[in-house]
Amino acid sequence: MKIDDIAQIAEVSKSAVSLALNGKPGVSQETREKILKIAKENGYNPRTFSKGKNTSPTKIFRFVACTHTGIVTEQYQSQSFFMELINNIDQSISSKGYSLIISSINIDSLEQEITNLEMQQQSSGILLLGTNLTEEQIKTVSKLQPNLVVLDTCFETLDINFIVMNNIIGAYQAGEYLIELGHKVIGYAESVSRMYNFDSRRKGFQKIMSENGLTIKPEHIFKMSPTDLSVQEDFKQNIMELKDNLPSAIFCECDYMAISIIKSLHELNIHVPEDISIIGFDNIVESQIVSPELTTIHVKKDKIASLAVEKLIREIDENEEDKMKIFIDTELVKRKSCVKVPNHKTILS
């Protein structure tokens, strides 16, 4: 009985099985109990580790996510973007003959937890989800495991490997498309939690607006939760206060905000895209389920995963020392949430 077998029986990903067997957060209690029951019933015996550091050669990569209350919560694996990224990493690693361990650790005890994990089971290298990490925190991890590739953020001055989507061009593409459709009064939905990706997206969007002689009105900047798919009451209140001063389109820093906005506008009887066009960023699974289907920016998570794994393997197998900063360009995905700008009219009475 292997982890692959348990995953197949439980109808979950291998990543979820790893989390459940290692007692880590990221899966529901119901799923955890189901996995543990299957493992027990089928005589699965997890490998035991000595208390001392394992110095024998391994073919194990460790994916590390540091959780807190902002972007990367303890339930981060239920978020489509991270789930897709991990699954792509798992597939890339399996094809190279390596195994993947997923470790969710508390951001406040990052150094101690990674030290403990590496003592229990030494990894060949770490794939670090850097979404919510500072420069100093990433430097700390690199000292503990020099074979390191950081995903979903970038600090250009660090001598460390980074692979991230090209946030600037993605937001530029989104703004360019809205302007091509004739939109001039464009709103901007920004996350209340700031990080490298969102700040870079703001730069890209501001650049295309500036190049076309356009600006975002202060009252058309909407602050929102970046992880909430449900209706957000603060946003609804802001829209109601604007009355006939609404933007004809809104760019959202991520799909979660875009979907939340669509639902919120629906409650106000404001139609997307007839009254307001909405465009997101990430191209998560839910973007094709919401009505109308969301126009968004596609992030090539499979490419990010494969390049990260390939780089880590070169460092391990070929002692490659050159560090890289790789930016993966994005693509515009046209669906049904954006249309040409309508004639100006009062939407709210």
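Select helix α2 and whatever packs over it: the cover on its buried residues includes α1 (3-10), α3 (29-41), α4 (80-95) and β2 (99-106). Helices here are DSSP runs of H or I, at least four residues long, and strands are E runs of at least two, both numbered from the N terminus. Contact means heavy atoms within 4.5 Å.

Before moving on, note that this is a predicted model: local features need pLDDT of at least 70, side-chain atom pairs count only at pLDDT 80 or more, and totals for chains, interfaces and linings use all residues. Residues are numbered from 1 along each chain as its sequence is written, and side-chain values use heavy atoms, with hydrogens and water left out.

**Stop 1: helix α2**

Stay on residues 14-21. Helix α2 is mostly covered, with 6 of its 8 residues buried. Buried means under 20% relative accessible area, exposed means over 50%, and partly exposed lies in between (1.4 Å probe, protein chains only). Colour S15, A16, V17, S18, L19 and A20: these are the buried residues of α2.

**Stop 2: the nonpolar cores**

Select F63, I89, L128 and I278. These have the most contacts inside the largest nonpolar core, which has 93 residues. It draws at least three residues from each of domain 2 (60-166 + 301-330) and domain 3 (167-299). Those bounds come from an automatic or database domain assignment. A nonpolar core is a set of buried Ala, Val, Leu, Ile, Met, Phe, Trp, Tyr and Cys residues joined through side-chain atoms within 4.5 Å.

Now centre on L128. What does L128 touch, not counting residues up to four places away in sequence? Show V64, C66, L133, I138, V141, L148, V149, V150 and L151. Then jump to A7, A20, I38 and A39, which belong to a second, separate core of 9 residues. In soluble globular proteins, nonpolar side chains tend to be buried together.

**Stop 3: helix α7**

Select residues 167-180 and draw a line between the end C-alpha atoms. At 1.5 Å a residue, the 14 residues of α7 should span 20 Å, and the ends are 20 Å apart, which agrees. The expected span is 1.5 Å times one less than the number of residues. Which residues of α7 are buried? Highlight N167, G170, A171, Q173, A174, G175, Y177, L178 and I179. Step past the helix to G182, which follows α7 and has a positive phi, near 100°.

**Stop 4: K139**

Go to helix α6 (residues 135-144) and pick K139. K139 is partly exposed, with a relative accessible area of 29%. Add L158 and I160; K139 touches both, not counting residues up to four places away in sequence. K139 and I160 are 21 residues apart in sequence, yet 8.3 Å apart in space, C-alpha to C-alpha.

**Stop 5: K223 and E190**

Move to strand β7 (residues 221-224), where K223 sits. Is K223 buried or exposed? K223 is exposed, with a relative accessible area of 53%. Leaving aside neighbours within four places in sequence, K223 is in contact with E190 and V192. The side chains of K223 and E190 make a polar contact at 2.4 Å. A polar contact is a pair of N or O atoms within 3.5 Å; within protein, one must be able to donate a hydrogen and the other to accept it, and residues adjacent in sequence count only if both atoms are side-chain atoms. Add M257 too: its C-alpha is 9.5 Å from that of K223, with their positions 34 residues apart along the chain.

**Stop 6: salt bridges**

The structure holds 17 salt bridges. A salt bridge is a side-chain nitrogen of Lys or Arg within 4 Å of a carboxyl oxygen of Asp or Glu.

- Select E118 and R62. Their closest N and O atoms are 2.9 Å apart. E118 is in helix α5 (residues 110-120) and R62 in strand β1 (residues 60-67), 56 residues apart. E118 is buried at 8% relative accessibility, and R62 is buried at 3%.
- Select E190 and R202. Their side chains meet in a salt bridge (3.0 Å, N to O). E190 lies in strand β6 (residues 186-191) and R202 in helix α8 (residues 196-211), so the pair ties together parts 12 residues apart in sequence. E190 is buried at 6%; R202 is partly exposed at 26%.
- Select R314 and E320. Their salt bridge is 3.1 Å between the closest N and O atoms. R314 is partly exposed at 23%, and E320 is partly exposed at 22%.

Finish with E190, R194, D199, R202, K223 and E253, which salt bridges with shared partners join into one network.
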